[in-house]
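Subject: Structure for you to look at

Hi,

Here is the structure I promised to pass on. My notes on it follow below, with the cut-offs spelled out as they come up.

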Amino acid sequence: REVAWVVFDEAHYLRDRQRGVVWEESILLLPESVTQVFLSATISNTTAFAEWVAASKRRACTVITTNVRPTPLYHYMFPHASRGLYLLQREDDVFREDTFDRAMAEMRQFAQQANNASNKPVKKHKSDEMRLA
């Protein structure tokens with residue numbers, strides 16, 4: 001029933017002004033017997049962080065780094081009321097400006113249609129005309 005491991009995913013949230021305190025307290029308040037794993041693709045000062053964890057938990061902390069991304073990162077855009085997803089960038093870091101332009105054109109078209117619909121006079125029901133007469 002005891003917890004043996006805790007995995008902190010997105011550990012760079014320690015830098016976050018609002019959430020960082022909660023992360024820090026969670027790390028410090030866990031019993032020393034609990035093994036902690038910290039995952040982050042963007043954490044800075046890993047050595048200083050590892051030294052802080054090791055000192056506060058009184059045990060070794062190993063930093064493992066890699067430049068290889070095991071899961072490719074794709075950037076998509078899903079415009080409101082769109083016909084689907086628009087792939088903007090793959091792991092090759094090439095921004096697809098033509099795809100972005102198509103997505104933006106679809107958003108502008110939707111906004112224009114919504115604007116036109118809101119400017120149309122509202123049709124009254126025949127019974128409303130009879131009541132006015």
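Let me start with helix H1, whose buried residues pack against strand E1 (5-9), strand E2 (35-39) and H2. Contact here means heavy atoms within 4.5 Å, and the helices (H or I, at least four residues) and strands (E, at least two) are DSSP runs numbered from the N terminus. H1 covers residues 20-29, and its buried residues are Gly-20, Trp-23 and Ile-27. Seen down the axis of H1, these fall within an arc of 65°, so they line one face of the helix; the arc is that of the directions from the helix axis to the C-beta atoms. As background, an α-helix has 3.6 residues a turn, so residues three or four places apart point the same way. Buried stands for under 20% relative accessible area, exposed for over 50%, and partly exposed for what lies in between (1.4 Å probe, protein chains only).

A word on the source: this is a predicted model, in which local features need pLDDT of at least 70 and side-chain atom pairs count only at pLDDT 80 or more, while totals for chains, interfaces and linings use all residues. Residues are numbered from 1 along each chain as its sequence is written, and side-chain values use heavy atoms, with hydrogens and water left out.

Now the overall layout. The chain has 4 helices and 4 strands, in the order β-α-β-α-β-β-α-α from the N terminus on. Of its 133 residues, 20% count as buried. Among contacts with a separation of 6 or more, 45% are between residues 24 or more positions apart.

Trp-23 and Ile-27 turn up again in the largest nonpolar core, which has 10 residues; the others are Val-6, Phe-8, Ala-11, Leu-30, Val-34, Phe-38, Phe-49 and Val-53. E1, H1 and H2 each supply at least two residues of this core. Such a core is a set of buried Ala, Val, Leu, Ile, Met, Phe, Trp, Tyr and Cys residues joined through side-chain atoms within 4.5 Å. Leaving aside neighbours within four places in sequence, Leu-30 is in contact with Val-6, Phe-8, Gln-36 and Lys-57.

Which residues does Leu-14 contact beyond its neighbours within four places in sequence? They are Gly-20, Trp-23, Glu-24, Ile-27 and Phe-49. Leu-14 sits in the loop between E1 and H1 and is partly exposed, with a relative accessible area of 22%. Its C-alpha atom is 9.9 Å from that of Phe-49, 35 residues away along the chain.

Further along the chain, Leu-88 is found in strand E4 (residues 86-89) and is buried at 11% relative accessible area. Outside its neighbours within four places in sequence, its contacts include His-75, Tyr-76, Val-94 and Thr-99. Thr-99 lies in helix H3 (residues 97-119) and counts as buried at 9% relative accessibility. With the same neighbours left aside, Thr-99 touches Tyr-86, Leu-87 and Leu-88.

Finally, the surface: Tyr-74, Tyr-76, Phe-78 and Leu-85 form a nonpolar patch with about 460 Å² of accessible area together. Areas come from the Shrake-Rupley method with a 1.4 Å probe, and for residues only the protein chains shown count as cover. Patch members have over 30% relative accessible area and no salt bridge (a side-chain nitrogen of Lys or Arg within 4 Å of a carboxyl oxygen of Asp or Glu); nonpolar side chains (Val, Leu, Ile, Met, Phe, Trp, Tyr) are joined within 5 Å, like charges within 9 Å.

Best wishes
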